Amino acid sequence: MKFQRREKESGQVLVILTLGIVVLLGFAALAIDQGSVQIDRRQAQNAADTAALAGALAKYEGGNCMTAATNRAASNGYVDSDEIDVVVDCNYGENGSYVHVSINSTTTTFLASMLGHDTVTNTVEAVALYNSGGGTS
């Protein structure tokens, strides 16, 4: 049996392989974008958690809740700027016995910017209870 080569079909594998590589690189780039957004979200949540606890501890010790919470968020890399918004409420909830910290953080994307999403904003919140009889919880 003799095989005949069809001239119309030469180079198909090259086109399919090129398209496959482009698709795989696209998925990899989107995964990198998603990873950087998730890292920022986790770091912002950690900053909000520690800031709320620091604010509640400052209230318990008679210090300045707002300053303590803001400084703690700043020590974790979250300072009010164009891309980051840190909001601290030291008299939150029932009888003002909670400290509420909210952080909005904007992350710049790489590949998603080609799809029209230049930035992604993470919003995280944390609440700590100030209990004058027993500290924080």
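Trainee: Of the 137 residues in the protein chain, what percentage count as buried?

Mentor: In this predicted model, 28% of them count as buried.

Trainee: How confident is the predictor, and which elements have the lowest and highest mean pLDDT?

Mentor: Start with the chain, then go element by element. The chain averages a pLDDT of 86, and 89% of the residues score at least 70. Among the elements, α2 has the highest mean, 95, while strand β4 (residues 135-136) has the lowest, 50.

Trainee: How many helices and strands are there, and what pattern do they follow?

Mentor: The protein chain has two helices and four strands. Along the sequence they read α-α-β-β-β-β.

Trainee: What should I look at in helix α1?

Mentor: Try its span and its end. With 50 residues, α1 reaches 74 Å from its first C-alpha to its last, close to the 74 Å expected at 1.5 Å a residue. After the helix comes Gly62, with a positive phi near 85°.

Trainee: How do I read the largest nonpolar core, and which elements supply it?

Mentor: The general idea is that nonpolar side chains tend to be buried together in soluble globular proteins. Here the largest core has 20 residues, and those with the most contacts inside it include Ala48, Tyr78 and Val86. At least two core residues come from each of α1 (12-61), α2 (65-75), β1 (84-92), β2 (98-108) and β3 (119-131). The largest share, six residues, is from α1.

Trainee: Val88 is also listed among those with the most contacts inside the core. Which residues does Val88 contact beyond its neighbours within four places in sequence?

Mentor: Val88 is in contact with Met66, Ala69, Thr70, His100 and Val101.

Trainee: Now a charged residue: what is the nearest side chain of opposite charge to Lys59?

Mentor: That is Asp89, 7.7 Å away. Lys59, which lies in helix α1, is buried yet has no salt bridge. Leaving out residues up to four places away in sequence, Lys59 touches Cys65, Cys90, Asn91, Gly96, Tyr98, Val99 and Tyr130.

Trainee: And Asn122 in strand β3: why does Asn122 count as buried?

Mentor: Compare its accessibility with the cut-off. Buried means under 20% relative accessible area, and Asn122 counts as buried because its relative accessibility is 8%. Setting aside neighbours within four places, its contacts include Val37, Asp40 and Arg41, as well as Ile103 and Asn104. Asn104 is 18 residues from Asn122 along the chain, with their C-alpha atoms separated by 5.6 Å.

Trainee: What share of the chain's contacts with a separation of 6 or more joins residues 24 or more positions apart?

Mentor: Such pairs account for 52% of those contacts.

Notes. Residues are numbered from 1 along each chain as its sequence is written. This is a predicted model: local features need pLDDT of at least 70, side-chain atom pairs count only at pLDDT 80 or more; totals for chains, interfaces and linings use all residues. Side-chain values use heavy atoms; hydrogens and water are left out. A nonpolar core is a set of buried Ala, Val, Leu, Ile, Met, Phe, Trp, Tyr and Cys residues joined through side-chain atoms within 4.5 Å. Buried means under 20% relative accessible area, exposed over 50%, partly exposed in between (1.4 Å probe, protein chains only). Contact means heavy atoms within 4.5 Å. pLDDT is the predictor's confidence in each residue, from 0 to 100. The expected span of a helix is 1.5 Å times one less than its number of residues. Lys and Arg count as positive and Asp and Glu as negative; His and the chain ends are not counted. A salt bridge is a side-chain nitrogen of Lys or Arg within 4 Å of a carboxyl oxygen of Asp or Glu.
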